[in-house]
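Please open the structure in a viewer and keep the selection tool at hand. The tour proceeds by selections, each followed by a description of what is found there.

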Amino acid sequence: MTGDGMKEFIDLRSDTVTKPTPAMRKAMAEAEVGDDVFGEDPTVNTLQGKVANLLGKEASLFVPSGTMANQLSIKSHTQPGDEVILESSSHPYNFEGGAGAALSGIQFRCLQGVRGILEPAQIEEAIRPSDHHFPVTRLVCLENTHNRGGGSIFPIEKMAEIYRLSKTRGLLVHLDGARLWNASVATGIKPHEYAQWADSVSVCLSKALGAPIGSLVAGSKLFIDRVHRFRKMFGGGMRQAGIIAAAGIYALDNHLERLKEDHQNATHLAMGLKELKGVSIDPKHVETNIVIFDVAGSAMKGSQLAESMKKEGILIHAIGKTQIRLVTHLDVTADDIEKTLKAFQKILGKK
Ligand code: TLP
């Protein structure tokens, strides 16, 4: 049982569910703060400098959420009526409440990827000719790792090719790097190496890294100045935000390298699931901390499996009729993975 009397679940619905550790809470309690709307919060300024540095960009800005980070980037890069190319299962298109249309007045052009990964040739084909009938293609958004792609890593060579193509065609590139940390730890490719192939990058501290709140947008000084103006407009200016920025600094200093454990746990989960009746999954597709599998071959719907697992003390996320997503994170141990596999086996049976 937790302090608030709630039953303790193994929660695999998302890596957003982590709670700050005692050491993180201590860093938060001791954070030096000031009014960040005046630019006077030293802890926020340290975090912004640190993230700009990690991403090899001139500047970065602290914002409340990954959604706001993406949407501020889209707003700052585009004019109403512009077209933004992205992958059809991407986060900004599907899970940000229609913000692209509502807040920026842009239209999305969705391209079907393979586990979220787009080919440069697909993008080239989708760029509109210069003709008054068409919208202006302005921006390409990529996602690395790709959430609905099952935590797939966007290969850096493809990112480089897409960036070069975009530059020759006068387009901007935004990278939704909510889980760029996972891609970096899995491949050994540094965040700034990925980020060089995008004009702007959003990163999250509240997913795999385990901080309670916070994301950043990084880019050129000029771009971040524009983002700053829109952050005010969107109501995202925060005051003594050092309290939460301190958690982000702590997370970057202490929780980056351990992402390897989450990746191992996810692979282990996938290997175990492969042995179960009615489950289809290719463990080779599990590259980071997200496991997506299908139970169409079993008698159960995804939602029924989620209900049965809940009775076993395990929370999972049915993302489609027969599709399940599991996400490993800081608050899930190797022992929890064993318990999870046992519960799945009890419900589904072995092949
Ligand atoms: N993703 C959440 C849900 O919104 C689906 C999750 O549980 O995975 N980019 C990517 C790639 C994301 O996965 C998310 C969150 C965001 C942006 C948005 O971040 P927040 O939730 O901070 O607005």
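The stops below pass from the sheets to the enclosed and open spaces, and then to individual residues. The model is a predicted one.

**The seven-stranded sheet**

Begin by selecting the strands in the order S2-S8-S7-S6-S5-S3-S4, which together form an open sheet of seven strands with mixed pairing. At its edges lie S2 (59-63) and S4, each of which pairs on one side only. On average, neighbouring strands of this sheet are turned by 20 degrees against each other, direction ignored. As background, the strands of a sheet pair through backbone hydrogen bonds, in either a parallel or an antiparallel sense.

Next, select strand S7, residues 200-204. Is this strand largely enclosed or open to the surroundings? Five of its five residues are buried, so S7 is largely enclosed by the rest of the structure. Both faces are covered: Ser-200, Ser-202 and Cys-204 are buried on one side, and Val-201 and Val-203 are buried on the other.

Keep S7 displayed and add its two partners. Strand S6 (residues 172-177) runs parallel to S7, and four bridges join them; Leu-175 is the residue opposite Val-201 of S7. Strand S8 (residues 215-219) pairs with S7 in the antiparallel sense, also over four bridges. Here Val-203 has Leu-216 of S8 as its bridge partner.

Move to strand S3 (residues 83-87) and S4. These two strands run parallel and are joined by five bridges. To locate the pairing in the viewer, select Glu-83, which stands opposite Gln-107 in S4.

**The three-stranded sheet**

Now select S9, S12 and S11. In that order they make an open sheet of three strands with antiparallel pairing. The edge positions belong to S9 (290-294) and S11 (317-318), each pairing on one side only. Between S11 and S12 (residues 323-327) there are two bridges in the antiparallel sense, and Ala-318 stands opposite Ile-324 in S12.

**The cavity**

How many cavities of 30 Å³ or more does a search of the whole structure find? The search finds one. The largest cavity holds about 30 Å³ of space. To display its lining, select Glu-87, Ser-90, Gly-116, Leu-118, Cys-141, Leu-142, Glu-143, His-146 and Phe-154. Strand S5 (residues 137-143) gives the most to this lining, with three residues. By character, the lining of the largest cavity divides into four nonpolar, three polar and two charged residues.

**The second largest pocket**

Proceed to the second largest pocket, in which about 330 Å³ of space lies. Of its 23 lining residues, select the closest to the centre: Thr-16, His-91, Asn-147, Arg-179 and Lys-207. Then add helix H3 (residues 66-77), which gives the most to the lining of this pocket, with three residues. The lining of the second largest pocket comprises four nonpolar, twelve polar and seven charged residues.

**An aromatic pair**

A pair of aromatic rings is described by the distance of the centres and the angle of the planes. Three aromatic pairs are counted in the model. For one of them, select Tyr-93 and Phe-108: their rings are edge-to-face, with 5.7 Å centre to centre and 85 degrees between the planes. The pair links distant parts of the chain, since Tyr-93 belongs to helix H4 (residues 91-94) and Phe-108 to strand S4 (residues 107-111), 15 residues apart. Tyr-93 counts as partly exposed because its relative accessibility is 38%.

**Backbone features and a surface position**

Most residues other than glycine have a negative phi, and most peptide bonds are trans. Select Asn-144 and Thr-145: the peptide bond from Asn-144 to Thr-145 is cis, with omega near 0 degrees. Thr-145 lies in the loop between S5 and helix H7 (156-168).

Next, select Arg-115, in the loop between S4 and helix H6 (120-126). Its phi is near 45 degrees, a positive value in a residue other than glycine. Arg-115 counts as partly exposed, at 34% relative accessibility.

For the last stop, select Ala-101 in helix H5 (residues 99-104). Is Ala-101 buried or exposed? Its relative accessibility is 51%, so Ala-101 counts as exposed, the cut-off for exposed being over 50%. Finally, add Ala-218 to the selection: the C-alpha atoms of Ala-101 and Ala-218 are separated by 23 Å, and the two residues are 117 residues apart along the chain.

Key: Residues are numbered from 1 along each chain as its sequence is written. This is a predicted model: local features need pLDDT of at least 70, side-chain atom pairs count only at pLDDT 80 or more; totals for chains, interfaces and linings use all residues. Side-chain values use heavy atoms; hydrogens and water are left out. On a 1 Å grid over the protein atoms alone, a cavity is a set of points where a 1.4 Å probe fits but cannot get out, and a pocket is an open set with protein on both sides within 12 Å along at least five of seven lines; lining residues have an atom within 4 Å of a point. Grid points are joined across faces, edges and corners, and a volume is the space filled by probe spheres set on the points. Ala, Val, Leu, Ile, Met, Phe, Trp, Tyr, Cys and Pro count as nonpolar, Asp, Glu, Lys and Arg as charged, and the others, Gly among them, as polar. Rings of Phe, Tyr and Trp (its six-membered ring) pair if their centres lie within 6.5 Å; planes under 30 degrees apart count as stacked, over 60 as edge-to-face and the rest as tilted. Buried means under 20% relative accessible area, exposed over 50%, partly exposed in between (1.4 Å probe, protein chains only). Two strands pair if DSSP finds at least two bridges between them. Axes are lines fitted to C-alpha atoms, for helices over the stretch in contact, and angles run from 0 to 180 degrees between N-to-C directions.
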